Amino acid sequence: MRVVVTGGAGFIGSHLVDRLLARGDLVTVVDDLSTGRRENVPAGVALIEAEVADLDVIGPVFAGADLVFHLAAVASVPRSIAQPLTVHRANGQGVLSVLEACRAAGVARVIVVSSAAVYGNSAGVQQEDACAKPESFYGIDKLAGEMYLQAYHRLFGMTGLAIRPFNVYGPRQPLDAVYGSVIPRFVARLKAGLPVQIEGTGEATRDFTYVADLVDGLLRAAGADAAVMNGQPVNLAVGHAISVLTLAKELAAAAGVDLKPLHGPARVGDILHSQADISRAKKLLGYAPQVSLKEGLAITYRALAHA
Ligand SMILES: NC(=O)c1ccc[n+]([C@@H]2O[C@H](COP(=O)([O-])OP(=O)(O)OC[C@H]3O[C@@H](n4cnc5c(N)ncnc54)[C@H](O)[C@@H]3O)[C@@H](O)[C@H]2O)c1
């Protein structure tokens, strides 16, 4: 199968590319290398270095593709708040440009990677049919991407699914990203022999998903029954949340240190609680996450601390 992965030089995208190559697919990556790394793209994979919003440049890359995974995005709530227009070009205009390229090329299946950020601070366990109320520009652009995909399905019969990952972690997450996510930030501190710095009280909860489980869900989504691929959103997570304080303890245990966390002010735009209902993914995709938090954190700590 000929597959295009946008954002394939990034954290999740590069793990997906590895799995696609292992099953014998012919893979092309479109990535502007803004946070992704050239060395994440394995030999045998064509890397087109371009911005996804630049339709004239990326359009021809999609000709002949059977399947597209769209992951390219500025994957950061704080950066979307600091630089809304720049981030909108990547995340809002970017997804529309990729869908337009897919339509023009007649791509059979399109998987758009959205985010749990579309839920905002809605209470309780998050189910796909709940009213989405994003709190940040990042979440707004992700929700727009889902709605564009649904419109392409209605208007042009495009076959696809919108995937809502929750907090994904694993090897290849950059430790030094200015707007990095919580696990690599904690690992960087522990690796330096320093206590982790929690933003806020640490009572915020997150549904942490190991990257291999997420990739398994993405591959299942791409192979779903065409009848369900109407652009609908599907949560991919574990379906169990832990607090950031518990995460800090678990990671300190994985690092073999006993350091009391420090606390700073909460981050603007961050949501308080995030936990997925994964029954749709189970039902439609036969998805079942395999990696326990303890196991996933141990692998991740080893990989990131020795990178
Ligand atoms: N990591 C998570 O916990 C998480 C959770 C929910 C959703 N997501 C989504 O998953 C996808 C992958 O995220 P990630 O964590 O691997 O982040 P990442 O930053 O490692 O990957 C994003 C990739 O997209 C590329 N990119 C960014 N802007 C681009 C542009 N305008 N044109 C072309 N390429 C561009 C980057 O260089 C990078 O390689 C993103 O869409 C993100 O929003 C991630």
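Helices (H or I, at least four residues) and strands (E, at least two) are DSSP runs, numbered from the N terminus. With that in hand, welcome to the structure. This is a predicted model, in which local features need pLDDT of at least 70 and side-chain atom pairs count only at pLDDT 80 or more, while totals for chains, interfaces and linings use all residues. Residues are numbered from 1 along each chain as its sequence is written, and side-chain values use heavy atoms, with hydrogens and water left out.

**Helix α6 and its surroundings**

Let us start with helix α6, which covers residues 182–191. Its buried residues (buried means under 20% relative accessible area, exposed over 50%, partly exposed in between, with a 1.4 Å probe and protein chains only) are V182, I183, P184, F186, V187 and L190. These residues pack against two helices, α8 (244–255) and α10 (293–305), and against the strands β7 (167–169), β8 (197–199) and β10 (208–210). Just after α6 comes G193, with a positive phi of about 75°.

**Two domains**

The chain is divided by an automatic or database domain assignment. Domain 1 takes in 2–167 + 208–236, and domain 2 takes in 170–207 + 240–275 + 290–305. Their C-alpha centres are 25 Å apart. In the contact between them (heavy atoms within 4.5 Å), domain 1 takes part with 26 residues and domain 2 with 29 residues.

The size of an interface is often given as the accessible area lost when the parts come together. Here, the buried area (the accessible area, with a 1.4 Å probe, that two parts lose on being put together, summed over both) is about 2300 Å², and carbon and sulfur atoms give 57% of it. On the domain 1 side, F11, F208 and Y210 supply 33% of the area buried against domain 2, more than any other three residues.

**Salt bridges**

Side chains of opposite charge can pair when their charged atoms come close. A salt bridge is a side-chain nitrogen of Lys or Arg within 4 Å of a carboxyl oxygen of Asp or Glu. The whole structure has 9 salt bridges, and the interface of domain 1 and domain 2 has 1. Some of the pairs are listed here.

| Pair | Closest N and O atoms |
|---|---|
| D18 and R172 | 2.8 Å |
| R23 and D25 | 2.6 Å |
| E199 and R185 | 3.2 Å |
| R220 and D216 | 3.0 Å |

E199 and R185 form a salt bridge that links distant parts of the chain: E199 is in strand β8 and R185 in helix α6, 14 residues apart. E199 is partly exposed at 35% relative accessibility, and R185 is partly exposed too, at 22%.

R220 and D216 are both in helix α7 (residues 211–222); they are 4 residues apart, so about one helical turn separates them. R220 is partly exposed at 34% relative accessibility, whereas D216 is buried with a relative accessible area of 19%. As for the pair of R23 and D25, R23 is partly exposed at 42%, while D25 is buried at 10%.

**A nonpolar patch**

Finally, take a look at the surface. I81, F137, I140 and V268 make a nonpolar patch of about 370 Å². Patches are made of residues with over 30% relative accessible area and no salt bridge, where like charges are joined within 9 Å and nonpolar side chains (Val, Leu, Ile, Met, Phe, Trp, Tyr) within 5 Å. Accessible areas come from the Shrake-Rupley method with a 1.4 Å probe, and for residues only the protein chains shown count as cover. One of the patch residues, I81, sits in helix α3 (residues 77–82) and is partly exposed, with a relative accessible area of 33%.
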